[in-house]
Amino acid sequence: MEKNYKKEGKYSYYEAGEGTPIVILHGLMGGLSNFDAVASYFSEKGYKIVIPDLPIYTQNILKTNVKSFAKYVKDFITFKGFDNVILLGNSLGGHIALYHTKMYPEKVIGLVITGSSGLYESAMGDSYPKRGDYEYIKKKAEDVFYDPKVATPELIDEVYASVNDRIKLIKTLTIAKSAIRHNMAKDLPNMKVPTCIIWGKNDKVTPPDVAEEFNKLLPNSSLYWIDKCGHAAMMEQPEEFNRLLEEWLTTTNL
């Protein structure tokens, strides 16, 4: 991904391909590389893939919340000069995409969420008490996936380092509280944008009934399941994720 990584002004982001922009929003512990397979596939299919680094750990603590991140995404889209975008978000990124669409619907022509927070928040809040316990963190990281081997030692080390960084820990807990505060249940029925929901059938972080609830509340949504798959479908089952997303984009004419 590095050769397509850019820094302009206050923004750092990955960009590849030409066409309708798909702006991808990563989760709390998620790096840009989580979307490698999506980026390489769709940048060859007539889409411009753009993945901004979200300022999850770098914003002022008062701006460390879902609403401020949604505003950051709006400013980034304006900075890039995009008129119409498809937003794709995993976990916290899905929540930010949903909140952005609620606040700034004018440029969003499509929405894709996978393992999204916004309705159900055990997603973050209960996972951080045992800071120094490597085995506990390893178990938590493995629980994100159906196949625990997807949680590589590098990934576990990265999560462990974040959790043991006092500032990052405080910001993580601040975001978890913000996610609970910014529950979307009342907003979703008013959001008419075409929405693709792709969910792992074995997601322990945001269980399958959360996807059912999103599908019930969003008036213009399609729900797709991936079997033997946990919370980060685009990492664990990338080919199936891409196939379903492409099917939806074609059906929706986006």
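Helices here are DSSP runs of H or I with at least four residues, numbered from the N terminus. With that in hand, take helix α5, residues 134-143: Glu-142 and Lys-138 both sit in it, four residues apart, or about one turn of the helix. Keep in mind that this is a predicted model.

**Salt bridges along helices**

Glu-142 and Lys-138 form a salt bridge, and their closest N and O atoms are 3.2 Å apart. Lys-138 itself is partly exposed, at a relative accessible area of 29%. Helix α5 also holds Lys-139 and Asp-143, again four residues apart and separated by about one helical turn. These two, Lys-139 and Asp-143, form a salt bridge as well. Its two ends fall in separate burial classes: Lys-139 is partly exposed at 46% relative accessible area, while Asp-143 counts as buried at 19% relative accessibility. That label follows because buried means under 20% relative accessible area.

Over in helix α10 (residues 238-251), Arg-243 and Glu-247 are likewise four residues apart, about one helical turn, and they too form a salt bridge. Both ends count as partly exposed, Arg-243 at 44% relative accessibility and Glu-247 at 36%.

Here are those pairs side by side:

| Salt bridge | Helix | Closest N and O atoms |
|---|---|---|
| Glu-142 with Lys-138 | α5 | 3.2 Å |
| Lys-139 with Asp-143 | α5 | 2.9 Å |
| Arg-243 with Glu-247 | α10 | 3.3 Å |

The count for the model comes to 13 salt bridges. Among the residues involved, Lys-6, Glu-15 and Lys-80 are linked in a network. As a general point, side chains of opposite charge can pair when their charged atoms come close.

**The nonpolar cores**

Now to the nonpolar side. The largest nonpolar core has 41 residues, and the members that touch the most others are Leu-87, Leu-188 and Phe-214. Strands β2 (11-16), β3 (20-25), β5 (85-90), β6 (108-114) and β7 (195-200) each supply at least two residues of this core, and so do helices α2 (66-80), α3 (92-103) and α8 (208-217). Helix α2 gives the most, with seven residues.

Which residues does Leu-188 touch, not counting those up to four places away in sequence? They are Leu-98, Leu-119, Phe-214, Leu-217, Leu-218 and Pro-219. Apart from this core lies another one, of 32 residues, including Leu-32, Ala-39, Ala-232 and Leu-245. In soluble globular proteins, nonpolar side chains tend to be buried together.

**Helix α7**

Helix α7 covers residues 166-181, so 16 residues, and reaches 23 Å from its first C-alpha to its last, close to the 22 Å expected at 1.5 Å a residue. At its start, a side-chain oxygen of Asp-165 comes to within 3.1 Å of the backbone nitrogen of Ile-167. The buried residues of α7 are Leu-169, Lys-171, Thr-172, Ile-175, Ala-176, Ser-178 and Ala-179.

**The chain as a whole**

Zooming out, the protein chain has ten helices and eight strands. Its radius of gyration is 17 Å, close to the 18 Å that the globule rule gives for 254 residues, so the chain is as compact as a globular protein of that length. The C-alpha atoms fill a box of roughly 50 × 40 × 40 Å along the principal axes. Buried residues make up 54% of the 254 residues. Of the contacts with a separation of 6 or more, 74% come from residues 24 or more positions apart.

Definitions and conventions: Residues are numbered from 1 along each chain as its sequence is written. This is a predicted model: local features need pLDDT of at least 70, side-chain atom pairs count only at pLDDT 80 or more; totals for chains, interfaces and linings use all residues. Side-chain values use heavy atoms; hydrogens and water are left out. A nonpolar core is a set of buried Ala, Val, Leu, Ile, Met, Phe, Trp, Tyr and Cys residues joined through side-chain atoms within 4.5 Å. Buried means under 20% relative accessible area, exposed over 50%, partly exposed in between (1.4 Å probe, protein chains only). Contact means heavy atoms within 4.5 Å. A salt bridge is a side-chain nitrogen of Lys or Arg within 4 Å of a carboxyl oxygen of Asp or Glu. A polar contact is a pair of N or O atoms within 3.5 Å; within protein, one must be able to donate a hydrogen and the other to accept it, and residues adjacent in sequence count only if both atoms are side-chain atoms. The radius of gyration is taken over C-alpha atoms; the globule rule is 2.2 Å times the number of residues to the power 0.38.
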